[in-house]
Amino acid sequence: MLHYYTVYAMSDCGYCARAVSELGELGIDHVLVIMDKSPDFHSLLKNKYDHHTVPLIIKSNKADGVELEFIGGCDDLVARLIEEGYKD
């Protein structure tokens with residue numbers, strides 16, 4: 001696999017936990033960033049991606065870390081995993 005996912009999350013978010021669990025169960029590389037103590041960073045991401053809920057999930061290139069695509073939230077991730085053949 002030539003990419004990994006970054007999951008920007010809040011610690012009390014069930015959808016965030018589900019997204020991380022899905023990636024972990026499938027053995028897909030991912031980074032988890034908890035934003036509980038960084039509201040300014042959270043606001044920056046919400047504005048950058050025009051996505052106002054958590055998690056915010058981004059797919060990046062493993063070789064150089066360059067962001068490939070903003071995926072969206074948990075449901076978007078699950079749909080993408082199905083589309084890419086990782087899940088039924």
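**Exercise 1.** In this predicted model, determine whether glutamate 22 is buried or exposed, and list which residues it is in contact with beyond its neighbours within four places in sequence.

*Solution.* Step 1: place the residue. Glutamate 22 lies in helix 1.
Step 2: apply the cut-off. Buried means under 20% relative accessible area. Glutamate 22 has 10% relative accessibility, and therefore counts as buried.
Step 3: list the contacts. With neighbours within four places in sequence set aside, Val78, Leu81 and Lys87 are in contact with glutamate 22.

**Exercise 2.** Describe how helix 1 and helix 3 pack, giving the angle and the distance between their axes, and state which residues meet.

*Solution.* Step 1: choose the quantities. Two packed helices are described by the angle between their axes and the distance between the axes.
Step 2: read the values. Helix 1 covers residues 14-25 and helix 3 residues 74-83; they pack at an angle of about 20°, and their axes are 9 Å apart.
Step 3: classify the angle. Angles under 35 degrees count as roughly parallel, so helix 1 is roughly parallel to helix 3.
Step 4: give the hand. The crossing of helix 1 past helix 3 is left-handed.
Step 5: name the residues. Helix 1 contributes Tyr15, Arg18, Ala19, Glu22 and Leu23, which meet Cys74, Asp75, Leu77, Val78 and Leu81 of helix 3. By class, the residues of this contact are seven nonpolar, three charged and no polar.

**Exercise 3.** Find which residues of helix 2 are buried, which are exposed, and what the buried ones pack against.

*Solution.* Step 1: sort by accessibility. In helix 2, residues 39-49, the buried residues are His42, Leu45 and Tyr49.
Step 2: locate them around the axis. Their arc is only 65°, so they lie on the same side of helix 2. An α-helix has 3.6 residues a turn, so residues three or four places apart point the same way.
Step 3: turn to the other side of helix 2, where Pro39, Asp40, Asn47 and Lys48 are exposed.
Step 4: identify the partners. The buried residues of helix 2 pack against strand 1 (3-9), strand 3 (56-61) and strand 4 (67-72).

**Exercise 4.** In the loop between helix 2 and strand 3, characterise the backbone at aspartate 50 and at proline 55.

*Solution.* Step 1: take aspartate 50, just after helix 2. Its phi is near 50°, a positive value in a residue other than glycine.
Step 2: check accessibility. Exposed means over 50% relative accessible area; aspartate 50 has 61% and is therefore exposed.
Step 3: take proline 55, in this loop as well. The peptide bond joining valine 54 and proline 55 is cis, with omega about 0°.

Conventions. Residues are numbered from 1 along each chain as its sequence is written. This is a predicted model: local features need pLDDT of at least 70, side-chain atom pairs count only at pLDDT 80 or more; totals for chains, interfaces and linings use all residues. Side-chain values use heavy atoms; hydrogens and water are left out. Axes are lines fitted to C-alpha atoms, for helices over the stretch in contact, and angles run from 0 to 180 degrees between N-to-C directions. Helices (H or I, at least four residues) and strands (E, at least two) are DSSP runs, numbered from the N terminus. Angles under 35 degrees count as roughly parallel, over 145 as roughly antiparallel, 65 to 115 as roughly perpendicular and the rest as oblique. A crossing is left-handed if the near helix is turned anticlockwise from the far one by less than a right angle, and right-handed if clockwise. Contact means heavy atoms within 4.5 Å. Ala, Val, Leu, Ile, Met, Phe, Trp, Tyr, Cys and Pro count as nonpolar, Asp, Glu, Lys and Arg as charged, and the others, Gly among them, as polar. Buried means under 20% relative accessible area, exposed over 50%, partly exposed in between (1.4 Å probe, protein chains only). The arc is that of the directions from the helix axis to the C-beta atoms.
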